[in-house]
Amino acid sequence: MQQPLVQEPFTLVMPGAAMSAAVHGGRAKCLQRLSRLELPVPTTVALSFDAVHGIATGRLPDVAKILSHFGAEPLLSVRPSSLDPDWGGPGAILNIGMNDALHRRLCAEVGEEAATRLFLRFIQSYAVHVSRLDPEPFDLPEHADAAALRAALDAYEYETDEEFPQDVGVQLKHVLNSMARAWEGTTARLLRQAKGAPANAGLGLVVQQMALGVGAGESGAGVISFIDPSTGMPRMSGRYLRQAQGRDALVAGSGGMYLTRDERGPSLEEQAPEIFARLAEAGALIRHALREEMQVEFTVSGGKLWIIDAVRVPRSSQATVRVAVGLAEDGIIRREEAVMRVQPSALSELLHRHVDPTAKRDCIVRGIAASPGAASGQIVFSAADAQASAARNEPCILVRRETAPEDIRGMHAAKAVLTVRGGITSHAAVIGRGLGLPCVVGASDLVIDRKRRVLIAPGGREFAEGEIITVDGTNGEILVGEPAMLEAALDDTFRTLLDWADGFRDIGVRANADTPTDATTARNFEAEGIGLCRTEHMFFERGRLGVMREMIFSNSPDDRREVLDRLLPMQRDDFRALFSIMVGRPVCIRLFDPPLHEFLPADKQGLRDLAEGLGLPLSDVTTRVEAMQEYNPMLGLRGVRLGVTVPEIYEMQARAIFEATVDINRDGDPVVPEVMIPLVSAMKEVELMKTRIDAVAAAVKVETGADFDYKLGVMVETPRAALRAADIAQHAAFLSFGTNDLTQMTYGLSRDDAGRFMSAYVNQGVYEEDPFHSLDIEGVGELLQIGAERGRVGRKDIVLSICGEHGGSRSAIAFCRKQAFNYVSCSPFRVPVARLHAAQLALQEKEPALFGK
């Protein structure tokens, strides 16, 4: 059994030293690994997390003992070493040990100007970062001479009432104390916590012998990387600056030379080919041994190469995927590790355009980030205007108080959507994610002045219709103008990584897809089928809304059937297209769900147009529309309740599904459609629907002379359906939990209105997370668990899934795996992310020692 590591205050970094990143930080451990490769690393001492914490609380280590490792008149640097370099830390301090005596010696060895510049640089760092003095008196002069040095030393004495310290032990003690206390400060703690660090994250420090980089012979400093940080493609890049230290070569205007041959100027490869060759060899060795693409900091001193440090190359999401796949294909890491190295959020970024991180951002307002990606366009305030704008090839942003189903065509035409009201599962959010459309909802600080056609922002800023704004659906921000964008970046490595992920995951991933376009996207992202097709969206297509409204105003079942007969071939074509695109993969079709009044206009002009289209008096139309309004339509006449009271709609849809099935089965692989009944709360509802749908299936078989199979299932969206799942499952082949409505009904929250106060609830700890954004495992999850357990009692082979917007989240997938669900279903653009989540969860469970973070 491996013995726990004893934490000594400091450790000489040697190949066999007892060190770990958890004790000394990542930089210290990396330097030890470099030394094991027999690379030229300067003498280094590592201080542990505990030692640095002790320094911050007044317990200094034995500084003389630290210095004993560096010989007489040492020249040192101190750098931070946290567990994760992304957590940051205090800046490096170079040239510790510079004093009058060492300055005189270096003047003879490397020249007065070089030695003086080293001393001035240290005085500046020490004064500003250690003694916390105003930086202005210590700005580096253009000419490093005796007068400039005297002025800097005098300025220090004037500001502190004491001479600049000459003893290296005193200098080092104060540097260590300053860096330790900076890490423990409140500001530094909040900054690193924002980057994902725990509140008690430790800091190590590394004290290293300086390799000068100045003096006779080839001397300088540089940084080298071996990949393009934007794409991840192999490319040697960096800079080298003669007579320099640290990362000076990367400073703009420094005059550094290129590393490889370049027609724009001299290069290290040409000027010092032997050093360049050793550097390239070291880079390849580091890549294989550290199993990562590293950025190497190096110094050349009198023709000798020193490796000062190596850190993980900062990289884009595209490069992250390419590097992980490349390392695995080269046999450096396993495929399992490649899959675990990529954050699912990186895939999400690759799927969408996004604002360039370096672009200037003028934020108008913040809302809820409902659908990732970014887009710019002219402000429009109606779906019709969005369509007109698209017809003119003018990109537009659809701005609405909230969207309704009748806005669907405008959403298709717009580049992005912004709503004042709504939450993460509001209509705009759900449709936006399905379309891959950037969307920000719940921007409640905005006011829409419909008469003046102006958007009023906090502080009174106004943006008129036609002005350009940008919706950043990833961060939930609305920006002025059109900042620079980075395009979506999908390539073969993206697909390779997900192919590997599919080999490790143990739960299915389907897509919610309502249209052929959605289905094509789902298929391209390798969804295993359609887990939810919301058929009501099909009725808002051109030429159908009027027929739908005519059906609603019909006075008898026969009249309704006559009108629905005109919709039948349209629905049949819809389903045939979906079946053709999915080529044999399962398609789960939810029958009509929303209340009928959603298909009726709410404004006066819309009512006049409807009256004219139906040939009825405006007063009759207005009275009928008002009569259909409900106090709480989400709990009113919708879903299976419409199927029971207005059966003609479901009968038409069932016929369209089965006739499309017959058509497809004649031409290719047999299709077994899955028909799902929404908003069930009682077994009797399922019995009634099953009887009617079976009758339609039997009629289609007789009429066509063709046989086919289909599966009937239930969408569990009410708490009662979950509680009575054992009864319901006796009449269903599958149960699909609609977590959007189930969350709404369990909490008694309106998902369209909760955004107004949800931030306050989360900030005050009432809810840990927005339950519409992150599945509530304790409450809604318990209902899912009860429903699954009781469903299996009613039918042993029942197929279980979730199809709400939670379906693509890591916590929901983890829950579904634990409950042995068959699959999750999510928006098409979340399918790749869900596939990766599922694979990583399976690997964490299979190999917790390696991946159980």
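User: What makes S17 and strand S18 (residues 454-456) a pair?

Analyst: This is a predicted model, and the answer lies in its bridges. Two strands pair when at least two bridges are found between them. S17 and S18 have three. The criterion is met, so they count as paired, in the antiparallel sense. Valine 447, for one, stands opposite isoleucine 456 in S18.

User: In which sheet do S17 and S18 sit, and in what order?

Analyst: They belong to an open sheet of three strands, ordered S17-S18-S19, with antiparallel pairing. Strand S17 (447-449) and strand S19 (462-464) are its edges; each has a single partner strand, so one side of each lacks a neighbour in the sheet. Direction ignored, neighbouring strands are turned by 25° against each other on average.

User: Why are S7 and S9 said to stand at the edges?

Analyst: Take the order first. Four strands form an open sheet, S7-S6-S8-S9, paired antiparallel. Strand S7 (234-242) and strand S9 (304-312) each have a single partner strand, so one side of each has no neighbour in the sheet. From one strand to the next, the twist averages 20°.

User: How many bridges join strand S6 (residues 220-227) to S7?

Analyst: Seven, and the two strands run antiparallel. At least two bridges are required, so S6 and S7 qualify as a pair. One bridge sets glycine 220 against arginine 242 in S7. Helix H2 (residues 26-36) packs on this sheet, where it touches strand S8 (294-301) and S9. The direction of H2 makes about 135° with that of S9.

User: Why is H6 called oblique to H8?

Analyst: Helix H6 (residues 112-130) and helix H8 (residues 168-184) pack at about 45°, with axes 10 Å apart. Roughly parallel needs an angle under 35 degrees, and roughly perpendicular starts at 65. The angle of about 45° falls between those ranges, so H6 is oblique to H8. Their crossing is left-handed.

User: Which residues meet where H6 packs on H8?

Analyst: From H6 come Phe122, Tyr126, His129 and Val130. From H8 come Val170, Gln171, His174, Val175 and Ser178. By class, the contact has five nonpolar, four polar and no charged residues.

User: Why are H6 and H7 called roughly parallel?

Analyst: The axes of H6 and helix H7 (residues 146-160) cross at roughly 20° and come within 10 Å. Angles under 35 degrees count as roughly parallel. Roughly 20° is under that limit, so H6 and H7 earn the term. This crossing, too, is left-handed.

User: Which residues of H6 and H7 meet?

Analyst: H6 brings Glu112, Thr116, Phe119, Leu120, Ile123, Tyr126 and Ala127. H7 brings Ala146, Ala148, Leu149, Ala152, Leu153 and Tyr156. They divide into eleven nonpolar, one polar and one charged.

User: What makes helix H20 (residues 545-552) mostly covered?

Analyst: Six of its eight residues are buried. Buried means a relative accessible area under 20%. The six are Leu545, Val547, Met548, Arg549, Met551 and Ile552. They pack against four helices: H21 (557-582), H22 (604-614), H23 (618-628) and H25 (647-667).

User: What fraction of the chain counts as buried?

Analyst: Of its 853 residues, 54% do. The chain has 34 helices and 30 strands. Its C-alpha atoms fill a box of roughly 105 × 65 × 55 Å along the principal axes.

User: How many of the contacts between residues at least 6 apart in sequence join residues at least 24 apart?

Analyst: 67% of them.

Note on methods
Residues are numbered from 1 along each chain as its sequence is written. This is a predicted model: local features need pLDDT of at least 70, side-chain atom pairs count only at pLDDT 80 or more; totals for chains, interfaces and linings use all residues. Side-chain values use heavy atoms; hydrogens and water are left out. Axes are lines fitted to C-alpha atoms, for helices over the stretch in contact, and angles run from 0 to 180 degrees between N-to-C directions. Angles under 35 degrees count as roughly parallel, over 145 as roughly antiparallel, 65 to 115 as roughly perpendicular and the rest as oblique. A crossing is left-handed if the near helix is turned anticlockwise from the far one by less than a right angle, and right-handed if clockwise. Contact means heavy atoms within 4.5 Å. Ala, Val, Leu, Ile, Met, Phe, Trp, Tyr, Cys and Pro count as nonpolar, Asp, Glu, Lys and Arg as charged, and the others, Gly among them, as polar. Buried means under 20% relative accessible area, exposed over 50%, partly exposed in between (1.4 Å probe, protein chains only).
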